[in-house]
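Colleague: Could you pick one small part of this model and take me through it closely? After that, I'd like to see how the rest of the chain is laid out, in plain bench language please.

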Amino acid sequence: MLGRPTWWKETVVYQVYWRSFFDTNGDGIGDLRGVIEKLDYIRSLGVDFIWLNPFNESPGVDNGYDISDYYAVAPEAGTMADVDRLIEEAHRRGLKIMMDIVLNHTSDRHPWFLASRSSKDDPKRDWYIWRDPAPDGGPPTNWRSYFHPSCWRFDEATGQYYMHSFAIGQPDLNWANPEVRQAMYRMLRFWLDKGVDGLRLDALALLAKPETFTDAADPYDIRYLTHNPGLHDYLQEMNREVFRHYNIMTVGEVAFATPELGVLFVDEERRELNSLFHFEVADEMPAWDMVRFKRIQRRWADALRGRGVMGQFLNNHDHTRQVTRYGNDREYRVQSAKLLATMIHTLPGIPYVYQGEELGMTGVRFASIDDYRDVMMKSRYEEEVGRGRSPEEVLRELQPLSRDNSRTPMQWNAGRNAGFSAGEPWIRPNPNHTAINVEEAEADPDSVLHYYRKLIALRKEHPVMVYGDFEDISGDDPHVYAYVRKHGDTAWIVVLNHSDAPGAFELPEPYAGKTMQLVLGNYADADKLLRAGKLELRPHEARILSCV
Ligand code: TEU
Ligand code: CA
């Protein structure tokens, strides 16, 4: 169902949020040398690709997504020599490197923006989005930013507002200007010529701005910031000018993508991107809803069948850890983490593992807003408290989805700072690192970690996991999810009981009564061979069965 065989369709990606991964110099911030030191660990998982969050020079307003020099490495991350060595050492181990590229905005300290804001006549003025104040002197429109009540910031020097879809320190570039586009293509070639094997393209849906700058009926529904006319012209041009000249994998971060919109980005015939992330789950589905999740998967599978590919993930550096948000991180943490992994790795698409997910790491609740670092959470907190609401109540409300849930240090061992740093970490470690950590997980044959290794290894042996067609056979059952992946003579049935209660699943024709072999399950004592009519399932039980 994933069309013609291609290397990047067969990959598994491991996301490294380097500033929280491993600190080698005791400044409390993870670094590129830390990634190099842990390459053997990463390789031991069986993954193919490492996605590194941005490591370019940046004032750090949004943890590196505000770039002030695309050609320089942030000093806290390391040096250009470290990048070169990381690429080399990764390649030596058969691992590929995916860079995270921020195209929509720069830092407000980037020389381009400094020039742009200096005068209305500056040649770089048109590189950003400047507008006159509204007649009352206020912002040009009522649009919100992802992080702030308005996406407009008044600039005294020239008496105009600039647009920032994210933080105030992240002014949006004007992609309608061909000079901006060429500058970005040049930058992409620079990194690809270094040997980078893949690109994760940040906030891609926002590149093209609305055609008219008028108030939105509902400013909170920020879809107006995305999918505007011109976007696909830019992507086709980017592909012509850059992507098609390299043997790379590209993945677009596409907010508010529906299957209908999504196919426009990844349809192989259109030659834009290889794959995308949609956010129908991570951003748009606040709490776990199995029926809704199944529909999302069915709709995407139907839209992309034979045409294109998507990434499968439930968490990343912007979203609360999956076992906490969607599973049960208490009584069933281990089984639940394994069930979610089984699902992500057996649904059609390219699976992504976010650092620490392979340990079943959980979200965090810090006692005070001062322990949080995330610019998005902090500015929402200020906005709500500024309205006169109780600070405690606002904190409680923001904690479950704070982006810091996934940004606490990687838990290497039970020791000081989870083994992450010898210094004072930039963000506090999750106190549960004493029980949940790599060292413990290595020693326990039933750990989430060992399960991930088995799951990832399976993909290398069984093309059905990559190329198999997908059919949901569980209808709208609110707890049990069952589907078939079929490829040539191979038919796999995945059965998942996403519930704290036992469940059952009756296999439909033509599978009822067939003999099946257990490929992998998350309960050690599950039957290895069974003639299945009705399957009895324990809480959070996951089984991959193969028809024999
Ligand atoms: O996120 C952009 C984004 O569009 C949102 O979908 C994201 O889910 C948001 O943070 C709400 O949860 C990207 C990066 O992943 C994020 O870390 C950056 O802050 C942002 O772009 C700006 O560069
Ligand atoms: Ca460091």
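Modeller: Let's start at Pro510, which sits in the loop between strand 17 (503-506) and strand 18. Keep in mind that this is a predicted model. What joins Glu509 and Pro510? A cis peptide bond does, with omega at about 5 degrees. So when you scroll through that loop, look at the bond just before the proline ring.

Now follow the chain out of the loop. Strand 18 covers residues 515-521, and strand 21 pairs with it in the antiparallel sense over 5 bridges. If you want one pair to click on, take Leu518, whose bridge partner in strand 21 is Leu545. Strand 21 (residues 542-547) has another antiparallel pairing, with strand 16 (residues 490-497), again over 5 bridges. There, Trp492 has Ser546 of strand 21 as its bridge partner. That puts Ser546 opposite Trp492 and Leu545 opposite Leu518. As a general point, side chains in a regular strand alternate between the two faces of the sheet.

Where does this corner belong in the whole chain? The division gives domain 1 (7-105 + 178-366 + 404-452), domain 2 (111-163), domain 3 (367-403) and domain 4 (468-547). By residue number, the Pro510 loop falls in domain 4.

Domain 1 comes in three stretches, with domain 3 sitting at 367-403. The centres of those two, taken over C-alpha atoms, are 24 Å apart. They do touch: 14 residues of domain 1 are in contact with 13 residues of domain 3. On the domain 1 side of that contact there are 4 nonpolar, 4 polar and 6 charged residues.

Next, the barrel. Its 8 strands close up in the order 1-2-5-9-10-11-12-13, with parallel pairing. From one strand to the next, the twist averages 25 degrees. As one example of a join, strand 12 (residues 309-312) and strand 13 (residues 350-354) run parallel and share 2 bridges. Gln312 stands opposite Pro351 of strand 13. Strand 9 (198-202) leads to a loop that ends at helix 6 (231-241), and His227 lies in that loop. His227 is worth a click: its phi is near 55 degrees, a positive value in a residue other than glycine.

There is also an open sheet of 3 strands, ordered 6-8-7 and paired antiparallel. Strand 6 (130-131) and strand 7 (152-155) are its edges, each pairing on one side only. Strand 7 is joined to strand 8 (residues 160-163) by 4 antiparallel bridges, and across that pair Arg153 faces Tyr162.

The UniProt record, an unreviewed entry, places "domain: Glycosyl hydrolase family 13 catalytic" at residues 15-407. Over that span the chain is 31% helix and 13% strand, and the end C-alpha atoms lie 12 Å apart. By numbering, Pro510 is outside that span.

Last, ligand 1. Which residues are closest to ligand 1? Of the 13 residues that surround it, the closest are Tyr65, Phe166, Ala203, Ala255 and Asp318. By class, that shell has 7 nonpolar, 1 polar and 5 charged residues.

How values were computed
Residues numbered from 1 in each chain as written. Chains lettered and ligands numbered in written order. Predicted model: local features only at pLDDT ≥ 70, side-chain atom pairs only at ≥ 80, totals over all residues. Near = placed C-beta within 6 Å. Nonpolar A, V, L, I, M, F, W, Y, C, P; charged D, E, K, R; others polar. Pairing = 2+ DSSP bridges. UniProt positions renumbered as here; feature names shortened; annotations may be inferred. Domains from an automatic or database assignment. Contact = placed C-beta atoms within 7 Å. Axes fitted to C-alpha atoms, helices over the stretch in contact; angles between N-to-C directions.
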